[in-house]
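Student: I have a fresh model on my screen and would like a guided tour of one part of it. Please begin with the overall picture, so that I know where I am, and then take me in closely.

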Amino acid sequence: MSALELQNLTRRFGPTTAVDEVSLKIAPGELISLLGPSGSGKSTVLRMIGGFETASAGRILIEGRDMTPLPPERRPTGMVFQSHALWPHMTVAGNIGFGLRLRRLNRDEIRRKVDEVLALVGLAGFGERSPAKLSGGQQQRVALARSLVLEPKVLLLDEPFASLDQHLREHLRDEVREIQRRLGITMIFVTHGQDEALAIADRIAVMRAGRLEQIGRPEQIYRRPESEFVAGFIGQIS
Ligand code: ADP
Ligand code: MG
């Protein structure tokens, strides 16, 4: 069974079709990169999977269960955005543990899970710090930890490191890949940078104007682009 399946997923905003009949199956533990230029519908696909945007048509299945009518809190998904939106009045541990408190885990259990995930993202010992005092990269690690601690079945990352400098971006994407492999978690990593998609993904799904233009392993996309659009987009120097 697929970890995630999209069936003819469509979203219209008035006259604009932001996402146009996108169908896709993702295997458990697979990392798919959704690649495409700005405005091609990547964020809208992700927001629909997370439940933050309703679908105009089509379905979203996770492990075979229909998620389409469910609100975000009832979906086994986590989301990391470009801007981290950490709660400034809480410590790092408070930020990460907040969702666990809502789930009524006891204090010791929360501390254990928070410490575990802090170590996983390379921030062991940072629990009592204030998020405002962390660097941009460290803040994104906290945002990642905050999602991971809830053990989502599918983790959705929307250009999570786009605001960071290239060196740090490359470093963090390699770390995400490492964490993804270690946990065996299914991920969708949205990017508009083909170098990033080629480096990180098991398969790349190329989007153009709301449609899925081509999907395949990085070397297939790179060596055998099926359209001039894909060839041109992949061939760009970023
Ligand atoms: P990407 O993430 O690839 O840059 P988006 O999913 O953000 O693309 O946007 C796809 C299209 O949908 C764009 O034309 C955008 O203007 C439009 N769009 C996205 N969100 C809205 C909205 N809330 N209202 C109207 N149009 C929107
Ligand atoms: Mg976007």
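Student: What radius of gyration would a compact globule with 238 residues have, and what value does the chain have? After that, please give me a close look at strand E8 (residues 186-191) and its surroundings.

Tutor: Happy to. Please keep in mind that this is a predicted model. For 238 residues, a compact globule would have a radius of gyration near 18 Å, and the chain agrees because its own value is 18 Å. Along the principal axes, the C-alpha atoms fill a box of roughly 55 × 40 × 35 Å. Within that box the chain has eight helices and ten strands, and 40% of its 238 residues are buried. If you count contacts between residues at least 6 apart in sequence, 66% of them join residues at least 24 apart.

Now to your strand. E8 is mostly covered, with six of its six residues buried. The side chains alternate in direction: Thr186, Ile188 and Val190 point one way, while Met187, Phe189 and Thr191 point the other way. Both of these sets are buried.

What does E8 pair with? One partner is strand E3 (residues 31-35), which runs parallel to E8 and is joined to it by five bridges. Within this pairing, leucine 31 has methionine 187 of E8 as its bridge partner. Another partner is strand E7 (residues 154-158), and here too the pairing is parallel, over five bridges. In this case aspartate 158 stands opposite valine 190 in E8. To get from E7 to E8, the chain passes through helix H5 (residues 166-183), and this β-α-β crossover is right-handed. In general, strands of a sheet pair through backbone hydrogen bonds, either parallel or antiparallel.

For the antiparallel case, move to the N-terminal part of the chain. There, four strands form an open sheet in the order E2-E1-E4-E5, with antiparallel pairing. E2 and strand E5 (65-66) are the edge strands, each pairing on one side only. Further in, strand E1 (residues 4-13) and strand E4 (residues 57-62) run antiparallel and are joined by five bridges. You can follow their register on your screen: leucine 4 stands opposite isoleucine 62 in E4, and glutamate 5 stands opposite leucine 61 in E4. Leucine 61 also has a bridge partner in E5, namely aspartate 66. E4 and E5 are antiparallel and pair over two bridges. These two strands make a hairpin with two residues between them, and glutamate 63 in the turn has a positive phi of about 45°.

The edge strand E2 leads us to the ligand. Together with helix H1 (42-50), strand E2 (16-26) is one of the elements that each supply at least two residues of the shell around ligand 1. H1 gives the largest share of that shell, three residues. The residues around ligand 1 include Phe13, Thr16 and Ala18, as well as Gly36 and the run Ser38, Gly39, Ser40, Gly41, Lys42, Ser43 and Thr44. By character, the shell divides into eight polar residues, two nonpolar and one charged.

To return to your request, keep this picture of E8: a strand with six of six residues buried, paired in parallel with E3 and also with E7.

Methods
Residues numbered from 1 in each chain as written. Chains lettered and ligands numbered in written order. Predicted model: local features only at pLDDT ≥ 70, side-chain atom pairs only at ≥ 80, totals over all residues. Near = placed C-beta within 6 Å. Nonpolar A, V, L, I, M, F, W, Y, C, P; charged D, E, K, R; others polar. Pairing = 2+ DSSP bridges. Rg over C-alpha atoms; globule rule 2.2 N^0.38 Å. Buried ≥ 20, exposed ≤ 12 C-beta atoms within 10 Å, placed from the backbone. Contact = placed C-beta atoms within 7 Å. Right-handed = clockwise from strand over helix to strand, strands pointing away.
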